[in-house]
Amino acid sequence: MTKILAPFSIIAISLSLTACGSSTSPVSPTPVASVPAGTDGKPTSVQPDWAAAANPGDLTIVGIVTQDDGEFDVLQAAVIRAGLVETLDGQRQYTVFAPTDLAFVTTLGVADEAAAIAALNNMPIETLTDILLFHVTAGRRTSRSVLAAPSYHMLNGATLTRTQLAAAGLAATDISASNGIVHVINAVLLPVR
């Protein structure tokens with residue numbers, strides 16, 4: 001099992017994003033501590049904070065996304081427009097793969113965050129909701145759990161594979177919310193229908 005997970009650990013460690021650079025932000029990338037090597041000489045864990053993430057945080061998922069810190073401005077606008085605030089602000093536990101502002105700008109092929117928000121506002125609401133729900137799975141999944149599963153059943157009814165998630169790139173993991181966990185990703189996940 002360790003030999004299977006080791007390549008994904010290396011991928012996750014090598015994928016980092018400087019867009020979440022504020023040291024005071026709860027979504028700033030957490031430095032990866034040196035981890036003891038397994039019998040094959042490879043790291044046995046990707047992130048030292050996975051155990052802490054298993055405990056509820058102070059903010060809800062919506063609280064993390066809607067902070068006025070410039071981390072998720074486009075995602076915030078999208079969640080509000082799609083009417084998902086109440087869903088992601090409740091008691092039910094979710095794991096959210098949260099794209100950065102840069103991820104939206106790149107995916108939409110626009111110049112900046114304002115243009116990305118404008119593009120999302122022109123998108124049919126059903127399409128926007130489908131895309132956003134493809135970033136959410138039920139349950140509280142730490143990075144260790146995420147990297148161990150071959151696929152995830154997302155709230156839009158589609159399946160997200162570990163390969164798709166690895167291609168999106170993990171920027172920061174295990175951000176604990178009172179109602180779940182947020183993992184920051186470098187690309188917008190698009191459901192294939």
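**Exercise 1. Pairing of strand β6**

Task: In this predicted model, determine which residue stands opposite Ile 181 in β5, and which strands pair with β6 and in what sense.

Solution.
Step 1. Begin with the residue opposite Ile 181 of β6: this is Ser 176.
Step 2. Extend the comparison to the strands. β5, which covers residues 170–177, pairs with β6 in the antiparallel sense, and five bridges hold the pairing.
Step 3. Examine the connection. Two residues lie between β5 and β6, and the two strands form a hairpin.
Step 4. Turn to β1 (residues 94–99). This strand runs parallel to β6 and is joined to it by six bridges. Thr 95 has Ile 181 of β6 as its bridge partner, and Tyr 94 has Gly 180 of β6.
Step 5. Combine the results: Ile 181 is matched with Ser 176 and also with Thr 95.

**Exercise 2. The two faces of β6 and β1**

Task: Establish whether the residues on each face of β6 are buried or exposed, and repeat the analysis for β1.

Solution.
Step 1. Recall the general pattern: in a regular strand, side chains alternate between the two faces of the sheet.
Step 2. Assign the residues of β6, which spans 180–185. Gly 180, Val 182 and Val 184 point one way, whereas Ile 181, His 183 and Ile 185 point the other way.
Step 3. Apply the cut-off for burial, under 20% relative accessible area. Six of the six residues of β6 are buried, so both sets from Step 2 meet the criterion.
Step 4. Repeat for β1. Tyr 94, Val 96 and Ala 98 lie on one side, with Thr 95, Phe 97 and Pro 99 on the other, and all are buried. The count for β1 is again six of six.
Step 5. Add the further neighbour of β1. β1 pairs with β2 in the antiparallel sense over three bridges, and Thr 95 stands opposite Thr 137 in β2.

**Exercise 3. Asp 174 in β5**

Task: Where does Asp 174 lie, and is this residue buried or exposed?

Solution.
Step 1. Locate the residue: Asp 174 belongs to strand β5.
Step 2. Compare its relative accessible area, 8%, with the cut-off of under 20%; Asp 174 is therefore buried.
Step 3. Consider the backbone. Most residues other than glycine have a negative phi. Asp 174, by contrast, has a positive phi, near 60 degrees.
Step 4. Relate Asp 174 to β1 through Thr 95. The two residues are 79 residues apart along the chain, and their C-alpha atoms are separated by 9.5 Å.

**Exercise 4. The nonpolar cores and helix α8**

Task: Identify the residues with the most contacts inside the largest nonpolar core, and describe how α8 packs.

Solution.
Step 1. The largest nonpolar core contains 33 residues, and Leu 75, Leu 88 and Leu 132 have the most contacts inside it.
Step 2. Elements that each supply at least two residues of this core include α3 (61–65), α4 (73–82), α8 (125–133), β1, β5 and β6. α4 gives the most, with five residues.
Step 3. Distinguish the second core, which is separate and has 14 residues, among them Phe 97, Met 154, Leu 170 and Ile 185.
Step 4. Follow Leu 132. Leaving aside residues up to four places away in sequence, Leu 132 touches Leu 75, Ala 78, Val 79, Ala 82 and Leu 84.
Step 5. Widen the view to α8. Its buried residues are Leu 128, Thr 129, Asp 130, Ile 131, Leu 132 and Leu 133; they pack against α4, α7 and β2 (136–138).

**Exercise 5. The largest cavity**

Task: How many cavities of 30 Å³ or more are present, and what lines the largest cavity?

Solution.
Step 1. The count is two cavities of 30 Å³ or more.
Step 2. The largest cavity holds about 100 Å³ of space. It is lined by 14 residues, of which Leu 75, Val 79, Leu 88, Val 96 and Val 136 are the closest to its centre.
Step 3. Attribute the lining to elements. α3, α4 and β1 each supply at least two residues, and β1 gives the most, with four.
Step 4. Classify the lining of the largest cavity: 12 residues are nonpolar, two are polar and none is charged.

Notes
Residues are numbered from 1 along each chain as its sequence is written. This is a predicted model: local features need pLDDT of at least 70, side-chain atom pairs count only at pLDDT 80 or more; totals for chains, interfaces and linings use all residues. Side-chain values use heavy atoms; hydrogens and water are left out. Buried means under 20% relative accessible area, exposed over 50%, partly exposed in between (1.4 Å probe, protein chains only). Two strands pair if DSSP finds at least two bridges between them. A nonpolar core is a set of buried Ala, Val, Leu, Ile, Met, Phe, Trp, Tyr and Cys residues joined through side-chain atoms within 4.5 Å. Contact means heavy atoms within 4.5 Å. On a 1 Å grid over the protein atoms alone, a cavity is a set of points where a 1.4 Å probe fits but cannot get out, and a pocket is an open set with protein on both sides within 12 Å along at least five of seven lines; lining residues have an atom within 4 Å of a point. Grid points are joined across faces, edges and corners, and a volume is the space filled by probe spheres set on the points. Ala, Val, Leu, Ile, Met, Phe, Trp, Tyr, Cys and Pro count as nonpolar, Asp, Glu, Lys and Arg as charged, and the others, Gly among them, as polar.
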